[in-house]
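User: Hi! I am new to reading protein models and would like a close look at one part, with some of its surroundings. Could you walk me through it slowly?

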Amino acid sequence: RVDAPEEVQPAIDKANSIDDRPVVVDFRVDAREKVFPMVPSGKTNDDIWPGEVGEKIRRDDEAVLAVGEPRAIIEDVPTHGELRTYRTVKFPIPRPDGRPWLGGMSVDITELKQAEDALRESERRFTAFAEHLPGRMWIRDAELRYLYVNPQLAADLGCEQGDLLGK
């Protein structure tokens, strides 16, 4: 599902012609309240994103135009001197002359990605602790069903961990 642009700010909206020149660019204020610079007319993605970043963007653009269908991409891009993570949705925009433009919208999801990574690390530490705890450990929900049991509790009860879950 792609949210409406006003629901996913900060975002970068753009449309490229077939020769990779931006024809519509709307750079919005990012999460740190800095304004992205406007793209000078006539610049290509390679002018804006030199090197490997520009090459990857161009390959992704070409793939969307070749297939003719939208594509969502998670990518790390150097921005303002730091690496930021963006969720980019690219899509072809049909034109009467048969040469589509490429539309796209990127949303900075760096903080979301960092939060997800921190949660995964926290879950990993919890699991390592609980799985090696020499005592019994369990988690139950409001209806007293087991959501988690450690190996020691299952062993003491003579069953497998999964046998207790949901009961």
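Does I109 count as buried or exposed?

Analyst: Happy to help! Please keep in mind that this is a predicted model. I109 counts as buried, because its relative accessibility is 16% and the cut-off for buried is under 20%.

Now let's find its place. I109 sits in the loop that links strand 5 (101-108) to helix 3 (110-132). Which residues does it touch? Apart from neighbours within four places in sequence, I109 is in contact with I74, T85, Y86 and R87. Take R87 from that list: 22 residues separate it from I109 along the chain, yet the C-alpha atoms of the two are 6.5 Å apart.

A second loop residue makes a good companion. N150 lies in the loop between strand 7 (146-149) and helix 4 (151-157). N150 is buried too, with a relative accessible area of 0%. A polar atom of the N150 side chain lies 2.7 Å from the backbone oxygen of G135. G135 also appears among the contacts of N150 beyond four places in sequence, together with A130, L133, R136, M137 and Q161.

With two loops in hand, let's see how burial looks on a helix. Helix 2 covers residues 52-67, which makes 16 residues. At 1.5 Å a residue it should span 22 Å, and its end C-alpha atoms are 23 Å apart, so the two values agree. Within helix 2, the buried residues include G54, I57, D60, D61 and V64. These residues cover an arc of only 130° around the axis, so they lie on the same side of helix 2. The general rule behind such a pattern is that an α-helix has 3.6 residues a turn, so residues three or four places apart point the same way. On the other side of helix 2, E52, A66 and V67 are exposed. Just after the helix comes G68, with a positive phi of about 80°.

Finally, step back to the whole protein. It has 5 helices and 7 strands, and from the N terminus on they run β-β-α-α-β-β-β-α-β-β-α-α. Of its 167 residues, 32% are buried, and I109 is one of the residues that count as buried. The accessible surface comes to about 10,700 Å², with 56% of it belonging to carbon and sulfur atoms. Among contacts with a separation of 6 or more, 32% join residues 24 or more positions apart.

Key: Residues are numbered from 1 along each chain as its sequence is written. This is a predicted model: local features need pLDDT of at least 70, side-chain atom pairs count only at pLDDT 80 or more; totals for chains, interfaces and linings use all residues. Side-chain values use heavy atoms; hydrogens and water are left out. Helices (H or I, at least four residues) and strands (E, at least two) are DSSP runs, numbered from the N terminus. Buried means under 20% relative accessible area, exposed over 50%, partly exposed in between (1.4 Å probe, protein chains only). Contact means heavy atoms within 4.5 Å. Accessible areas come from the Shrake-Rupley method with a 1.4 Å probe; for residues, only the protein chains shown count as cover. The expected span of a helix is 1.5 Å times one less than its number of residues. The arc is that of the directions from the helix axis to the C-beta atoms. A polar contact is a pair of N or O atoms within 3.5 Å; within protein, one must be able to donate a hydrogen and the other to accept it, and residues adjacent in sequence count only if both atoms are side-chain atoms.
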